[in-house]
Amino acid sequence: MALAHKKSILPAAEERRRFQRVKVHLLGRYMLPDRREFPCQIINMSPGGLALLAPGIGNVGDRVIAYLDHIGRVEGKITRIIDNGFAMTVGATARKRDKLAAQLTWLANRDILNLPEDRRHDRIVPRNPISVLTMEDGSKMSCRIIDMSQSGAAIAAEIRPPLNSLVLLGEVQARVVRNLEEGFALEFVHEQLAETLEDSVSAR
């Protein structure tokens, strides 16, 4: 019995050592059990958990579903309350955790090396996140804007257009530059004005 008990605690200890928190600046949205949604900012994250600044704070043990810029959908439970936010676990398979580790490494290196998508413009979550995407062949589909800036947007949709294809997000011409877990990233062909951005991309 002693040996079995020893084996059972090893994986958890190994995971704690393996999953080191990375300081990140990611925007997103999350939903609490009562289905209220709020915008959030992730301040650090590992494949096993994250801490975020949030206007709506649940209770320890509450289940949370979040959609994060560059990461996609994650879910877990609130583990502790922090100043102006909370920390939560990230429930994921071993494969998903490995993918998260690679994404976090890329994000950390991007910030250090000033790689493309260097956050020239602040990202916002639009008041009306529903939009219409027009493909190169003229077909249209509804989509949800995860967040956006004057230079691009992250989109959640059922279908991913081909990389490098040109599309219209609302009235704004954009190019598909990267696939995300829940959709894809767009780079606007022309930088947009902050004052008119939301009206230009939102569904009419």
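**Exercise 1. Find how many salt bridges the whole structure holds, and describe the pairs around residues 29 to 37.**

Step 1. A search of the whole structure finds five salt bridges, where a salt bridge is a side-chain nitrogen of Lys or Arg within 4 Å of a carboxyl oxygen of Asp or Glu. The model is a predicted one, in which local features need pLDDT of at least 70 and side-chain atom pairs count only at pLDDT 80 or more, while totals for chains, interfaces and linings use all residues. Residues are numbered from 1 along each chain as its sequence is written, and side-chain values use heavy atoms, with hydrogens and water left out.

Step 2. One of these bridges joins E37 to R29, with the closest N and O atoms 3.3 Å apart, and another joins the side chains of D34 and R36 at 2.7 Å, N to O.

Step 3. For the accessibility of these residues, buried means under 20% relative accessible area, exposed over 50%, and partly exposed in between (1.4 Å probe, protein chains only). E37 has a relative accessible area of 46% and is therefore partly exposed; D34, at 45%, is partly exposed, and R36, at 42%, counts as partly exposed too.

**Exercise 2. Work out which parts of the chain the salt bridge between E75 and R63 links.**

Step 1. In the salt bridge of E75 with R63, the closest N and O atoms are 2.5 Å apart. This pair links distant parts of the chain, since E75 lies in strand β5 (residues 72–82) and R63 in strand β4 (residues 63–68), twelve residues apart; helices (H or I, at least four residues) and strands (E, at least two) are DSSP runs, numbered from the N terminus.

Step 2. E75 counts as partly exposed because its relative accessibility is 23%, and R63 is partly exposed at 44%.

Step 3. R63 and E75 also belong, together with R73, to a network of salt bridges.

**Exercise 3. Describe how strand β1 pairs with its partners.**

Step 1. Two strands pair if DSSP finds at least two bridges between them. β1 and β2 pair in the antiparallel sense over eight bridges, and in this pairing V22 stands opposite M45 in β2.

Step 2. The two strands β1 and β2 form a hairpin with five residues between them, and R35 in the turn has a positive phi of about 75°.

Step 3. β1 also runs antiparallel to β4, to which four bridges join it, and the bridge partner of Y30 in β4 is A66.

**Exercise 4. Identify the residues that touch the most other members of the largest nonpolar core, and the elements that build it.**

Step 1. A nonpolar core is a set of buried Ala, Val, Leu, Ile, Met, Phe, Trp, Tyr and Cys residues joined through side-chain atoms within 4.5 Å. The largest one has 23 residues, of which Y30, I42, M45, L50, L68 and I71 touch the most other members.

Step 2. The elements that give two or more residues to this core are β1 (22–31), β2 (37–46), β3 (49–53), β4, β5, β6 (85–89) and α2 (94–113), and β2 gives the most, with four residues.

Step 3. Leaving aside residues up to four places away in sequence, I71 touches L26, M45, L100, Q103, L104, L107 and E181, where contact means heavy atoms within 4.5 Å.

Step 4. Apart from this core lies another, of 19 residues, among them M135, I155, A174 and L197.
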